[in-house]
Structures are given as C-alpha cells and as structure tokens.
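User: Please take a close look at the interior of this protein and explain how it is assembled. I would like one connected account that also follows the packing outwards to the neighbouring parts.

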Amino acid sequence: MDNIIQVDHVSMVFRMDMSRPSGLKDWVMNFTTGKRDIQEFRALQDISFSVKRGEVVGIIGRNGSGKSTLLKIISGIYKPTGGSVTLGGNVVPMLELGSGFDPELTGRENIFLNGAILGYTKEYLSRRQDDIIAFSELGDFINMPIKTYSSGMMMRLAFSVATVVNPEILIVDEILSVGDEFFQKKSFARMQELMSGGTTVLFVSHSLPQIQEMCSRVIWLENGGIRMNGETNFVCAKYAAQ
C-alpha cells in the first residue's frame with residue numbers, strides 16, 4: 001500500500017498577546033510605545049509519520065497534547081509554522097460538526113451550504129439530499145431554521161452531510177457521541193462501512209475501547225510530540241497504565 005498521508009517534521013507555534021492593560025492610560029501607553037507581552041505556545045514539535053491508503057489510525061493523548069491541532073493542520077485549516085503535510089486524496093474533516101451552518105437557514109438549505117464547504121456539487125447534493133435527510137432522522141424539522149434545532153439535531157445533520165460519500169481520507173475528532181444511543185450506534189456502523197470501503201481514517205477519541213475496535217495502529221501524542229506509534233493494543237495498554 002502506498003502512503004496517502006505524509007507528515008514531515010511538523011511544528012506549530014501559537015503567538016499569544018498577554019498584554020492586559022488595566023485602564024485607558026495603560027492601553028494608550030502600550031499602543032504608543034508598542035509595548036506588548038507576546039508569549040509563544042508550542043502546540044506541536046517535530047511530528048513525523050505516514051499513513052498508508054486504507055489504514056485506520058487512532059490518535060490518543062491527554063487534553064492539550066496537540067491532537068486537535070494536528071488534525072486541523074492535516075485538514076488544511078491551520079498552516080504549520082514548520083514542516084509539511086502531503087496528501088494523496090481528497091479530505092473530509094469531521095472536526096467541528098455544524099461549524100459551517102447558517103442558523104437562519106433551514107436544515108435543507110444548510111445541506112447545500114455545508115455540502116458546498118465540503119466540496120460537493122449542487123447537482124450531487126440534489127441527488128443525495130433524500131438520503132441525507134433520512135439518515136439524520138430529522139423528519140419535518142428539515143424545513144425549520146437551524147436556530148430552532150437542539151445541538152444533537154444539528155450534529156446529526158452535520159454527520160449525515162459529511163458521510164454522504166466515500167471520502168478518500170476521513171478525519172474524525174470525537175464525533176461518535178452524536179445524538180442518542182441509537183444514532184450513536186448508527187453513526188458507528190456508518191464509520192465501519194466507510195472503513196471497509198477503503199477510506200483512510202484518522203480518528204481521535206478519548207474512548208480506548210472505540211480506538212481498539214476501530215484502529216489498526218495508534219499514535220500517542222504527549223506535550224506536542226509523539227510518545228509512541230505502534231500496534232493498537234500495545235500502545236493503548238501503555239497509555240492506560242500511565
């Protein structure tokens with residue numbers, strides 16, 4: 001199998017302005033003198049790994065270890081401050097479901113809006129909208145504005161749009177807790193269907209049982225670096241024992 005994802009020496013540094021003037025005088029002084037307290041936060045440091053076509057790779061680590069930042073770099077949302085990412089296929093990121101929705105538009109209208117953001121054509125979405133609506137189980141609510149939806153309803157619609165096709169690379173960040181228990185099981189089954197069809201998956205989850213069931217390999221991130229990269233059960237056992 002050839003590599004479909006190649007991550008080479010990726011680093012990410014966020015620069016944060018810690019200047020907090022206590023009043024107008026301080027603000028004016030900071031502005032006129034250019035005095036600012038800039039601090040750097042290194043989210044990722046020299047990350048390198050590859051993923052073969054059709055692999056399902058889990059990414060684990062404590063909060064703040066760099067998991068979400070890494071996925072956003074691979075998805076093209078962030079540009080790394082160092083290193084490079086090379087992709088050999090189209091990417092569907094499932095990171096912040098519903099972030100591309102317009103609350104004033106109906107669910108049906110948002111299918112076309114969100115689908116366009118993901119790169120689907122209007123013609124394709126027109127053909128598949130009935131499948132998307134059926135999977136989301138929103139019924140007549142599909143013609144109501146998104147602002148009337150509960151968070152669970154919005155997530156169900158976003159998941160349904162994102163998984164309407166078989167993407168070559170699927171990037172998933174903690175989305176299998178969407179909706180009620182029945183919809184979670186259906187979402188999990190849909191994920192397994194995509195994986196069995198040859199989709200390459202990067203999967204972040206705090207649930208080790210989910211990781212162990214779905215992934216053939218695991219990358220363990222710690223303090224912005226790779227602590228371990230290897231066979232799923234071995235890495236998960238080491239992670240659980242810490």
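Analyst: The expected span of a helix is 1.5 Å multiplied by one less than its number of residues. In this predicted model, helix α5 can be judged by that rule: its 12 residues reach 16 Å from the first C-alpha to the last, close to the 16 Å expected.

Helix α5 is a suitable place to begin, for the largest nonpolar core has 42 residues, and α5 (residues 151–162) gives the most to it, with 6 residues. The members of this core that touch the most other members are Ile-60, Ile-111, Tyr-120, Leu-157, Leu-170 and Val-201. In soluble globular proteins, nonpolar side chains tend to be buried together. The buried residues of α5 are Met-153, Arg-156, Leu-157, Ala-158, Phe-159, Ser-160, Val-161 and Ala-162. The elements against which they pack are strand β5 (91–94) and the helices α3 (107–117), α4 (122–136) and α6 (181–196). Apart from the largest core lies another, of 24 residues, which includes Ile-59, Leu-71, Ile-73 and Ile-171.

Val-201, named above for its contacts within the largest core, leads to strand β7 (residues 200–204), where 5 of 5 residues are buried. Both faces of this strand are covered: Thr-200, Leu-202 and Val-204 are buried on one side, and Val-201 and Phe-203 are buried on the other. Leaving aside residues up to four places away in sequence, Val-201 touches Glu-55, Val-56, Val-57, Leu-170, Val-172, Met-191 and Met-195.

Strand β7 also pairs with other strands. It runs parallel to β3, to which 4 bridges join it, and in this pairing Ile-59 stands opposite Val-204. Strand β6 (residues 169–173) is likewise parallel to β7 and is joined to it by 5 bridges; here Ile-169 stands opposite Thr-200. Two of the residues in these pairings have already appeared or will appear again in other roles: Ile-59 is among the members of the 24-residue core, and Val-204 is in contact with Lys-67.

Lys-67 deserves separate attention. It belongs to helix α2 (residues 67–75) and counts as buried because its relative accessible area is 7%, whereas the limit for a buried residue is under 20%. Polar atoms of its side chain have backbone partners: one lies 2.9 Å from the backbone oxygen of Gly-61, and the backbone oxygen of Arg-62 lies 3.1 Å from a polar atom of the Lys-67 side chain. Beyond residues up to four places away in sequence, Lys-67 touches Ile-59, Ile-60, Gly-61, Arg-62, Val-204, His-206 and Leu-221. Ile-60 in this list is also one of the residues that touch the most other members of the largest core.

Strand β3 (56–60) recurs in the packing of helix α8 (residues 232–241), whose buried residues are Thr-232, Val-235, Cys-236 and Tyr-239. These lie on the same side of α8, because they cover an arc of only 100° around its axis. Besides β3, that buried set packs against α7 (208–214), β8 (217–222) and β9 (225–231). At the start of α8, a side-chain oxygen of Glu-231 comes to within 3.2 Å of the backbone nitrogen of Asn-233.

Some residues that are not buried complete the account. Phe-41 lies in strand β2 and is partly exposed, with a relative accessible area of 40%. Its C-alpha is separated by 5.6 Å from that of Val-13, although the two residues are 28 apart along the chain. Not counting residues up to four places away in sequence, Phe-41 touches Met-12, Val-13, Phe-14 and Met-16.

Backbone geometry supplies the last point. Most residues other than glycine have a negative phi. Asp-46, which is also in β2 (residues 38–52), has a positive phi of about 55° although it is not a glycine; at 42% relative accessibility it counts as partly exposed. Glu-137, in the loop between α4 and α5, likewise has a positive phi, near 60°, and is partly exposed at 35% relative accessibility. The loop that holds Glu-137 thus brings the account back to α5, the helix that gives the most residues to the largest core.

Methods: Residues are numbered from 1 along each chain as its sequence is written. This is a predicted model: local features need pLDDT of at least 70, side-chain atom pairs count only at pLDDT 80 or more; totals for chains, interfaces and linings use all residues. Side-chain values use heavy atoms; hydrogens and water are left out. Buried means under 20% relative accessible area, exposed over 50%, partly exposed in between (1.4 Å probe, protein chains only). Helices (H or I, at least four residues) and strands (E, at least two) are DSSP runs, numbered from the N terminus. The arc is that of the directions from the helix axis to the C-beta atoms. Contact means heavy atoms within 4.5 Å. A polar contact is a pair of N or O atoms within 3.5 Å; within protein, one must be able to donate a hydrogen and the other to accept it, and residues adjacent in sequence count only if both atoms are side-chain atoms. A nonpolar core is a set of buried Ala, Val, Leu, Ile, Met, Phe, Trp, Tyr and Cys residues joined through side-chain atoms within 4.5 Å. Two strands pair if DSSP finds at least two bridges between them.
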